[in-house]
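Please read the following report with the chain open beside you, and look up each residue as it is named. The text moves from the ligand to the interior and then to some unusual backbone angles.

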Amino acid sequence: MPHSAAQINLAGTWQLQGAPLPAPIDIEIPGDVYSALIKAQIAPHPYWGRNELAWLKFAKECWTIRRSFELSQELASNSLAYLSIYAIDTCAALLINGQPVHENRSMFIPLLCNVAPYLRRGANQLEVQFESAELYAAARAARHPYPVPTSQFPVQSSHRNFVRKVQCHAGWDWGPALMTAGLYGQVVIDFNRALAIEQCSALPTLRGSQGEVQLMLQLFCQQPGSYSLQLRLGERQQQRTLQLEAGRHTLQESISIDNPQLWWPAGYGSQPRYQLTCEIAGNLRSWPLAFRHLKLESREDRYGSLFQPIINGMAILSRGANWIPTDALPAAQSAARSYHLLDSAVAANMNMLRVWGGGQYEPNWFYEYCDSIGLMIWQDCMFSCSLYPADSSFLSLVQQEVECQLLRLRHHPSIVLWCGNNENVGALGWYEESQRARDRYIVDYDRLNEGVIGTTVRRVDPSRPFWPSSPCNGIDDYSDNWHDDSRGDMHYWSVWHEGKSFEAYREVIPRFCSEFGFQSLPSLKSIASYADPHDWNPTSPVMEHHQRHPRGNSIILETISRYFRFPKDLPNIIYLSQLQQALAIQWAVEYWRAHRERCAGMLYWQLNEVWPGASWSSIEHNGDWKLLHYAARRFYAPLHIAGYVEEAPRGADRQQHIILYSELLEETECQVELRWYSAAGRLLEKRDFSRRLQPRTAVEVEELAPAQLRDLQPILFMHLWSLQRPQLCAKNILLYEAPKRYALAKVNIEVALATMTGKAEGASGISIRLSATQPALYVALAYQKSWSGFSDNLLHLLPGEERQINYPMPPEHLVTPEQFRSELEIFDLASSGL
Ligand code: BMA
């Protein structure tokens, strides 16, 4: 919360001008040019149909935005007037009253500039002239002595690597190419007469049981004299008098408290925070921070070396996903949308997200929210899937970027690691140019990544590990880590990109898998947001346009045919595509979690998406959960049970494994029920037993099905619960063959609906009771063509078992059970095929 003697906020309606516009139009700032063009209906929405293609021409345009504002005599007479803009996107000249003030070349370096000399009493005008980032990048690339290639995507803007702008604005294998321009975050002027805070950055550390905050303060003093600096941390206060000459001063201050409570990741403890306040000459900075011990353990072990985050001395199992920007149009991003996604992550038992390097450093409120809910953040620097130039002007911009981003963010307990880039070590081997002249590109890589990014990170934030690249083999080891599961982090893409079967997830045990993913088609509700019903076919041009992976739909359909009987219609194609996505990720997680001492983390690709379309996400663009997200809540849960069958060489018996998992903090007495059913619903065998589960372990049980059962194609239903806390329970099934090999009898699922009218939040809505006379597998509910909103989804029904699922609705939107039934669809495995 910055505060100064006086502030004017320049957010609001500005005017936008550009060659494609006959007359100026309104633009909301903070916001972006393309969003203003959409609002003024200059071109139809780029997310609908194939409209995006008609927007590509706008990337070559220049745009000017301006607004005027009034200054009183009193404000205008201040000799300190700091214009502060969180992000200027990107290549832009800033003018005040016609005079050039600033040339911008990076959207990752916030502007802070004393503009007092340009201001006057009465009317003032602020103008930002954007040149085309695409043409700027192309001109830089043309001037560069040799080519610097990037990964190519079906719709894209070239040479993104030459401009410090969100890299996926240029298009990706899940998103459109919308090279917009704009101003984001706060746009304010802070006025002062005597003194201004230019920088205030805190680094909390723990020395034994003492919490200490080191504060770097950069002040600009206009009026020499004595100033009182007041610091507060929780209950602790301290004050110091400073004698300051005119000019800039950089001070190192510190304040400590004894025995602060420790911050823990979600699921391992609470997230106590302490408010830090710094006040001088009417300038105030204040924000919450927290204390925790952090170590990335990398000692050698018998498998290679660990990649184990240790928080407060405890080895944490990192479970989560990769985060990309919440929308391709910056003006459509909002705190509310991010909070929903972050809450959804925690609701699915995640404790870590990776802010991926092709996107953006998120705003302060993003990290503050993660701090408050215990989500750990793996923070990439914003470089991805490309080679990058390393000329001095580029390096100087990057150095400023990394320095100011780290100073802004380093007090957040949620951030546990800084990583240099996404997949840039791998990229060294991807292109003909770098294969032919590898030395040149390796030197460039090293100058940028180690020379600038690594050096700056280590200097500005020695409290966290710097991981050179994701994936990579380790600190000071620059080898590509795509297929090495003995050390470092891994991106395991052999299933999706190399077309291996889901079993291939069991061919590796990564030390930490920071990416692995499988695509699905979006829900029909999402498809309806970009395609007319006559285009609702996976291979229609519109649906293919919203699938950016060149082989994406083919892989989805081919995989369906490997595992399932071919689906009977589009809703069932979507259902099976989402089911197989959930199964792919579940297979990987359940296997890697079973090797808890070896694999310390798994972050699937990807949590969210920037526009509606086919993608690897578990949450749709509109915030709706896909079936994978429901599955994630189960396979990431602290208490879990799973089984798998290991293929054996010809003639040998296949091995079956059943694993019990606990990430609970205390020893737990658990009850286990195993039920083997035939596909027709006959109970073949059962085992009931109890087990004591040690905290943070995975153990295999011996109570397995007799060997002869396996020839009968059984379905194993597994149920595990804690005897102390029966609400902590896990359910799962195991199929011994690919689902398509089962001759499943068609299932009749009984549905009984009732209205819930409770007053509390989530207590009103529709309750759904489900039951079946035969085993019903992978039962999925959709309301108004979306899987989202149900208290549970993608579940199994045992014969005779009744399950209740709620669909909360606020009282004002409550519908009758009959109305609800008319838009409720129920899918299950046996009914999905032709
Ligand atoms: C990864 C990511 C992304 C990409 C994804 C799917 O390796 O880093 O660049 O979108 O794969 O192909």
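Helices and strands are here runs assigned by DSSP, with at least four residues for a helix and at least two for a strand, and they are numbered from the N terminus. In these terms N259 lies in the loop between β18 (247–258) and β19 (274–280). The model is a predicted one, and every value below was computed from it.

**The ligand and its surroundings**

Which residues surround the ligand? The shell consists of W172, D173, W174, W356, C385, N422, E423, W493, H497, E515, W605 and W616, and it divides into seven nonpolar, two polar and three charged residues. Some of these residues place a polar side-chain atom beside an oxygen atom of the ligand, as the table shows for D173, W174 and E515.

| Residue | Distance from a polar side-chain atom to an oxygen atom of the ligand |
|---|---|
| D173 | 2.5 Å |
| W174 | 2.7 Å |
| E515 | 2.7 Å |

On its own the ligand has 310 Å² of accessible area, and the protein covers 95% of that area.

**A buried arginine**

R164 has its place in the loop between α4 (133–143) and β11 (170–172). Is this residue buried or exposed? Its relative accessible area is 1%, and because buried means under 20%, R164 counts as buried. The side chain of R164 reaches the backbone oxygen of M382 at 2.8 Å. M382 is also found in the list of residues in contact with R164, which leaves aside neighbours within four places in sequence and further holds T90, R105, S106, M107, F108, F383, Y388, F394, L397, V398 and E401.

**The nonpolar interior**

The largest nonpolar core has 259 residues, and those with the most contacts inside it are F516 and W592. Helix α14 (residues 570–594) gives the most to this core, with 15 residues. If neighbours within four places in sequence are left aside, F516 is in contact with Y492, W493, Y505, I585, A588, V589, W592, M602, L603, Y604 and W605. W493 and W605, both in contact with F516, also belong to the residues that surround the ligand. A second core, separate from the one just described, has 27 residues and includes L206, C221, L244 and C278.

**Helix α6 and its cover**

Which residues of helix α6 (residues 364–373) are buried? They are F366, Y367, Y369, C370, D371 and I373. An α-helix has 3.6 residues a turn, so residues three or four places apart point the same way. The cover over the buried residues of α6 includes two helices, α5 (335–347) and α7 (392–409), together with the strands β26 (318–323), β27 (352–355), β28 (376–380) and β29 (415–419). After the helix comes G374, whose phi is positive, near 80°.

**Unusual backbone angles**

Most residues other than glycine have a negative phi, and most peptide bonds are trans. Against this background, a few places in the model deserve a careful look.

A cis peptide bond joins I29 and P30, with omega about 5°, and P30 is found in the loop between β3 (25–29) and β4 (31–32). The peptide bond from D89 to T90 is cis as well, with omega near -15°. T90 is found in the loop between β6 (80–89) and β7 (92–96), and T90 is also one of the residues in contact with R164.

N259 is not a glycine, yet it has a positive phi, near 45°. N259 counts as exposed because its relative accessibility is 55%. Y778, which is not a glycine either, has a positive phi of about 50°. Y778 lies in strand β43 (residues 776–783) and counts as buried because its relative accessibility is 9%.

What does Y778 touch, not counting residues up to four places away in sequence? The list holds Y575, L579, L583, I733, L735, L794, L795, H796, F827, D828 and L829. I733 is 45 residues from Y778 along the chain, and their C-alpha atoms are separated by 9.4 Å.

Another pair of residues involves R436, which lies in helix α9 (residues 432–436) and counts as exposed because its relative accessibility is 64%. R436 and R654 are 218 residues apart along the chain, and their C-alpha atoms are separated by 47 Å.

Key: Residues numbered from 1 in each chain as written. Predicted model: local features only at pLDDT ≥ 70, side-chain atom pairs only at ≥ 80, totals over all residues. Heavy atoms only, no water. Near = heavy atom within 4 Å. Polar contact = N/O pair within 3.5 Å; in protein donor to acceptor, adjacent residues only side chain to side chain. Areas by Shrake-Rupley, 256 points an atom, 1.4 Å probe, with all protein chains shown as cover. Nonpolar A, V, L, I, M, F, W, Y, C, P; charged D, E, K, R; others polar. Buried < 20%, exposed > 50% of the residue type's maximum accessible area, 1.4 Å probe, protein only. Contact = heavy atoms within 4.5 Å. Core = buried A, V, L, I, M, F, W, Y, C linked by side-chain atoms within 4.5 Å.
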